[in-house]
Amino acid sequence: MDVTRDNFEKAVKEFEVAIVESDFAAIDMEMTGLYESKERQPSHLDTLDERYAKLKRSVELYGVIQVGVCLFTWVDERKQEQDEEVAATDSGTYNIRGDADKTVNGTGDTGGYYEARPFNFNVFPSSGAGGMAVDTHFGCKSSAFEFLARNTFDFNKWVYQGVPYLRTEDAERIRKERMAMLTSRQRKMDADDRHREFVRDFEIALGAFVNSGEQVLRYETSNSYQRKLIHNIVSSHDMLGTRGRSDCIEIFKGSHSAMAKHTAHKIKTLNQNVKNARGFCAVIDMLSAARKPVVGHNMLLDVLHAFSKFYRPLPAGRKEFERALAQFLPVLIDTKFIIESTPAIKDRYGTSSLDEIAPMLEREAGCGLAPIRLHPRFMRNATRTMHEAGYDAYMTGASFIRLLKLDGGVSRAAEQSSELVLYRYINKLHLSTAEAKFWAMAS
């Protein structure tokens, strides 16, 4: 499901239900760049603290343009058949199936499959909330944009239709500042030299309006600073209110009850605007609250970007980040670490690149591995484009399932797989430095 501003509300409702039912989520991100220079790139000689510092700098410099989240849910066909048989018996009808319909991979035993719901979120930073500008600065690398263009990325859709996002603490700060402006008498602003004449003319017009029988004064403005000055001046009058228009500010008279109602309406609008500005962060909130395993491929940068862009600023030190991450996404599984740390897998496929290993695993999918099917509502817009975040998230999750070589659910991995025991890979992210081959996060 490709998600933009137009269908975001519908997608969020779908995601909210699906995340509760899911067994795990797979993630992937597309970014505006990775590292600003060779000197800033990760080195095999990095200590863990040095690697964190390099990754932190990258995350704070570059932006995220797409986030893929694919939710996987185990569907037990045996339970479905039992439910259907009960329903058929209760209704007095019978549903007869051939033997072939009751077997999986020729084993003679009914099984199940994983149902996938891939979401491809196009995201773009919020530019404003509650009437206050929010400018986000991020860098980009020409090589990264060329790479995205070669993979058919739509830059116009990203800018014009990208789902906005604003971290909770930033949204709350803006809400409090704006609330103070709405509910308390503001200290009079000192206009700059260029606007002193504008303020003098407006105060004359306002005084005449207050003493007249008119109920509304429309005063033309040419920029946001002039509008801010007018709102500030009018706020000192208990019986006057303001309404913003495209080319002017409306000042109107009202009773105490009317002004209280007007303020309440403004507060309601403010809260809705701030909620809208948070946008995609609501999805990450749900992912965090669900406490489900989150799977990625070589996922360190993805995790740091998710933390920094949609949760809160990255802590200065690595240890503090590890503690905070345990509260944010408590269970992480890196498929690159699974491959690199399991010689039998690495030797068999000769690579740990997702682009290379995912197609090989997909070709082997009929050899006793758990089937994976797209949810019917997600088949219509399904793509098979590598480096689209939604598809890469799907391939990451599918590769994870296939690497476990299961005929059943992930929850039975330790019992059913002699090659892989799932707990060995939890919260160990691929790193490859002289100090450590993985980054062990707090559990």
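Averaged over the chain, the pLDDT of this predicted model is 81, and 82% of the residues score at least 70. Among the elements of the chain, β10 has the highest mean pLDDT, 97, whereas helix α17 (residues 413-416) has the lowest, 44. Two stretches deserve a cautious eye. Over residues 86-110 the pLDDT is below 50, and beyond near neighbours in sequence this stretch has 24 contacts in the model. The pLDDT is also below 50 over residues 406-420, a stretch with 35 contacts in the model beyond near neighbours in sequence.

## Helix α1 and the cores

Let us begin near the start of the chain. Helix α1 covers residues 8-21, 14 residues in total, and spans 20 Å from its first C-alpha to its last, close to the 20 Å expected at 1.5 Å a residue. Its buried residues are F8, A11, V12, E14, F15, A18 and I19. Which elements help to cover the buried residues of α1? The cover includes β1 (2-3), β3 (64-76), β4 (112-122) and α10 (281-290).

F15 also takes us into the largest nonpolar core, which has 53 residues; the members that touch the most other members are F15, V67, F121, F280, F310, F321 and L325. Two or more residues of this core come from each of α1, β2 (24-31), α2 (48-61), β3, β4, α10, α11 (300-310) and α12 (318-328). Helix α11 gives the most, with seven residues. As general background, nonpolar side chains tend to be buried together in soluble globular proteins.

V67 offers a good view of this core. Leaving aside residues up to four places away in sequence, V67 touches D28, M29, F119, N120, F121, V123, F280, F310 and A389. There is also a second, separate core of 30 residues, and C70, A116, A393 and L422 are among its members.

## Helix α8 and the β8-β9 hairpin

V234 lies in helix α8 (residues 224-234). Is V234 buried or exposed? V234 has a relative accessible area of 1%, so it is buried. Not counting residues up to four places away in sequence, V234 touches F202, L240, G241, T242 and I251. I251 is 17 residues from V234 along the chain, and their C-alpha atoms are separated by 7.8 Å.

Several of these contacts lead to the next pair of strands. Strand β8 (residues 240-244) pairs with strand β9 (residues 248-253) in the antiparallel sense, over five bridges. The two strands, β8 and β9, form a hairpin with three residues between them. One of the bridge partners can be named: R243 is matched with E250 in β9.

## Two buried polar residues

T335 is placed in helix α13 (residues 335-340). With 2% relative accessibility, T335 counts as buried because the cut-off is under 20%. The T335 side chain makes a polar contact of 2.7 Å with the side chain of H297. Setting aside residues up to four places away in sequence, T335 touches V295, G296, H297, T396, F400 and L403.

D170 belongs to helix α6 (residues 168-183). At 17% relative accessibility, D170 is under the 20% cut-off and therefore counts as buried. Which side chain does the side chain of D170 meet in a polar contact? The partner is the side chain of R167, at 3.1 Å. D170 and Y311 are 141 residues apart in sequence, with 10.0 Å between their C-alpha atoms.

## Positive phi outside glycine

Two loop residues are worth a look for their backbone angles. T152 is not a glycine, yet has a positive phi of about 60 degrees. R291 is not a glycine either, and has a positive phi of about 55 degrees. The table sets out where they sit and how accessible they are.

| Residue | Loop | Relative accessibility |
|---|---|---|
| T152 | between α4 (142-150) and α5 (155-161) | 63%, exposed |
| R291 | between α10 and β10 (294-296) | 37%, partly exposed |

The loop of R291 thus connects to α10, one of the elements covering the buried residues of α1.

Technical notes: Residues numbered from 1 in each chain as written. Predicted model: local features only at pLDDT ≥ 70, side-chain atom pairs only at ≥ 80, totals over all residues. Heavy atoms only, no water. Helix = DSSP H or I, 4+ residues; strand = E, 2+ residues; numbered from the N terminus. Expected span 1.5 Å × (residues − 1). Buried < 20%, exposed > 50% of the residue type's maximum accessible area, 1.4 Å probe, protein only. Contact = heavy atoms within 4.5 Å. Core = buried A, V, L, I, M, F, W, Y, C linked by side-chain atoms within 4.5 Å. Pairing = 2+ DSSP bridges. Polar contact = N/O pair within 3.5 Å; in protein donor to acceptor, adjacent residues only side chain to side chain. pLDDT = per-residue confidence, 0-100.
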